Amino acid sequence: MDQYIGRLLDNRYEILEVIGTGGMAVVYKALCHRLNRLVAIKILKDEFAGDEEFRRRFHAEGEAVAMLSHPNIVQVYDVSSSDNANYIVMELIDGISLKQYMENKGVLNWKETLHFAMQIAKGLEHAHSRGIVHRDIKPHNVMVLKNGSVKVMDFGIARVMNKSNTLTKEALGSVHYISPEQAKGGHTDNRSDLYSLSVVMYEMMTGRPPYDGESAVAVAIQHINGGAPRPSSLNPNIPEGLEEIIMKGMALDVRDRYASATEMLQDMEEFRKNPAITFNYHSMLDDATRILPAARNDAAPTVAERKAQGRTGTRAPTESMRMRAVPGPVRRTTGVIPGVENREAAAPRRAKPRRREDEAQKKAQEERSRVATTAVVIVSAVAVFAILIFLVALFNGALLDQEKGLVEVPYLEGYLYVEGFAGQYPDFNIRLQPRKYSDAYGENQIMEQTPAGGSKVQKGTDLWLTVSMGPEPPVKTMDNLIGVDAEQAKNTLSDQGFLVYIRKENHQTIPEGQVTRTDPAEGVELANGQSIYLYVSVGPEVTMAKMPDLIGMDKDRAIESLKQAGFVNYRADEVESPRPKGEVTFQSVSKYEEIDITSEVVIHYSKGPAETPDEGETEETAPANTDPVEITVVFPVPKRDADYTLDICLQGTTQAIATQNIPAGSETATVKLSGRGTVWYDLYVNGEFFKEHYVEFTKDGGNS
């Protein structure tokens, strides 16, 4: 059992149950006794509680979020340390994470994506205005409430922008949503959050994050290098304007991204008003998700440079070197050593033969260089040719080996998509795109598929199908969805571009999980993107009533009391008992207990005392001055996990005539009592009424 369950923190917060576990903390549902409300409490895990850095970050989360007050950010009520527990008290969210929503729904349509993204951006806008950067925006940290609104939570690695003690030792945040600067451990600001939000939008629209790999390091490197495929290459239904917003937010260079959440929200609002809009963004790198390799200054020398190096022993200047040379006047040189010029002028005849010898030697060296160069070229060509032959052979062999594991994609366009369809194609992972209207395909016919039929792919490849909703009606009206499964009704409406919200209510006849009514009602004309509310049954309404005290009543009167209290499911059984005939001796539900009126109630009533011979006296007719009888009585008691106290009182009194300490796990209690005739007792467990019990005191030591 969890060590915190049942504990009372700060004499105020009673821990009830675990509702979630994260990397650093466990989240519990708790009851605040001071304000009598349910809250969520995040308690730092024991393995981190002794680490000063983790405690600092944990309390920084509480301090950061406590500065914020916005409908799209989870509210923090308290931050404290008590009984060796470091904890944060937050509002209790009734909903699911955006990650769970995406897993249940698959690819979201653009209206849902925009609906969620704008709320997240508004929350970030407020946080950024207070100097708080979240640094861990991901679907897991966004809660979707039942009314369709979202709240950003888990500011566990948030940072106050104007503080200098930033965490530069590690790149924080979940790797699939981390910004490039975080992955490199660099400076982060509000634009890092906008990058992560854009990645979340990318995943909502495509069903997958832009980067994936076998390890966290591999994914982080992809974020650093960029080059994600455009979302429209994975989902052709993405409007161009929304794709531009996503790609601008995911720009590799922070200068190419939105400068603020406010600026991003403005574009989102423009797109919401006009989904056909385009922004024609152009980044500094021409492609905001790609980076060009840096030019090398130390490029390999050319053939001419190698020749010069062979003649002079020094490397000839490359173009990059010449570009780096300091500008200045060019001085012509003659190749003559200073100080010898006059001497050579005085002896021209000796210089001429020497020059002719040098020229001959120079020509010989050039000839040798040409031969060597030709040889190198021929050898290189042969080597390259051999390598090409080897690669072709290797590639063909790999293709042959790979070909063995490929399967052909079936032609599915035109087929009806019915229940169990995916099971007919076990070699593929059937995935569904949002449904679309089509004049060419009837309702439930497959109208598009990716990859195309006839292509060959690896087993287990995702096969995306788009199913037709048939021709688009000229005027869309609300269908009759009463009695339809809520999830099915929601998917049908969402696929048509409507925003669907679930409301739950009791219903006496419609089973749990089915639609009871809709708003708008059946037949009402609908507008594109309209909000629709589905009311879903949670079963019949539960009515509670207090159980009357039936012991000692006549059977008919007891049944009438049950009817008057509202109970409808009762049963009366006749049993052997020394009590008068028809008197109720047992009731399955304790008196005054509040239960559902549909619960079964069982009562026992007496057949009456057994007939005895005329001579002699029965115990009930024994004279009042008959001596009491002491007997050993075995009482049935509740089985508990801990010791407790059993008090035995005469019926109708609260004064205990016997008290027993009952060990944990016991099911009976043995007590010595004395009395005459039949005596009724009330049994109390730890001061609370448990049940009634009667004992027959007979001369032969009888028991109940």
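Reader: Leaving aside neighbours within four places in sequence, which residues is phenylalanine 689 in contact with?

Author: Contact means that heavy atoms lie within 4.5 Å. By that rule, and with neighbours within four places in sequence left aside, phenylalanine 689 touches Ser590, Lys591, Asp682, Leu683 and Tyr684. This is a predicted model, in which local features need pLDDT of at least 70 and side-chain atom pairs count only at pLDDT 80 or more, while totals for chains, interfaces and linings use all residues. Residues are numbered from 1 along each chain as its sequence is written, and side-chain values use heavy atoms, with hydrogens and water left out.

Reader: Where is phenylalanine 689 found?

Author: Helices (H or I, at least four residues) and strands (E, at least two) are DSSP runs, numbered from the N terminus. Phenylalanine 689 belongs to strand β30, residues 688-697. From its C-alpha to that of threonine 654 the distance is 9.8 Å, although the two are 35 residues apart in sequence.

Reader: How many helices and strands does the protein have?

Author: There are 15 helices and 30 strands. Among contacts between residues at least 6 apart in sequence, 64% join residues at least 24 apart.

Reader: What kind of aromatic pair do tyrosine 684 and phenylalanine 689 form?

Author: Rings of Phe, Tyr and Trp (its six-membered ring) pair if their centres lie within 6.5 Å; planes under 30 degrees apart count as stacked, over 60 as edge-to-face and the rest as tilted. The structure holds 10 aromatic pairs. In one of them, the rings of phenylalanine 421 and tyrosine 425 have centres 5.3 Å apart and planes at 45 degrees, so this pair is tilted. Tyrosine 684 and phenylalanine 689 are edge-to-face, at 5.7 Å centre to centre with 75 degrees between the planes. Ring pairs also link Tyr417, Phe421 and Tyr425 into a cluster.

Reader: Is tyrosine 684 buried or exposed?

Author: Buried means under 20% relative accessible area, exposed over 50%, and partly exposed in between (1.4 Å probe, protein chains only). Tyrosine 684 has 18%, so it is buried. Its partner phenylalanine 689 has 26% and is therefore partly exposed. In the tilted pair, phenylalanine 421 is buried at 3%, and tyrosine 425 is buried at 17%. Across the protein, buried residues make up 40% of the 704 residues.

Reader: Which arginine lies over the face of tyrosine 535?

Author: A charge sits over a ring if NZ of Lys or CZ of Arg is within 6 Å of the ring centre and within 35 degrees of the ring normal. Arginine 517 lies over the face of tyrosine 535, at 3.7 Å from the ring centre. Arginine 640 is placed over the face of tyrosine 644, at 5.4 Å from the ring centre.

Reader: At what angle do the axes of helix α8 and helix α9 cross?

Author: Axes are lines fitted to C-alpha atoms, for helices over the stretch in contact, and angles run from 0 to 180 degrees between N-to-C directions. The axes of α8 (residues 240-249) and α9 (residues 261-273) come within 10 Å and cross at roughly 170 degrees. Angles under 35 degrees count as roughly parallel, over 145 as roughly antiparallel, 65 to 115 as roughly perpendicular and the rest as oblique. The two helices, α8 and α9, are therefore roughly antiparallel to each other. Gly241, Leu242, Ile245 and Lys248 of α8 make the contact with Glu263, Met264, Asp267, Met268 and Phe271 of α9.

Reader: Why is α8 described as largely enclosed by the rest of the structure?

Author: Of the 10 residues of α8, 9 are buried, so the helix is largely enclosed by the rest of the structure. Among them are Leu242, Glu243, Ile246 and Met247. The buried residues of α8 pack against α4 (110-129), α6 (190-206) and α9.

Reader: Which peptide bond leading to proline 451 is cis?

Author: The bond from threonine 450 to proline 451 is cis, with omega near 0 degrees. Proline 451 sits in the loop between β14 (446-450) and β15 (456-458). The bond from aspartate 519 to proline 520 is also cis, with omega near 10 degrees. Proline 520 is in the loop between β18 (515-519) and β19 (531-537).
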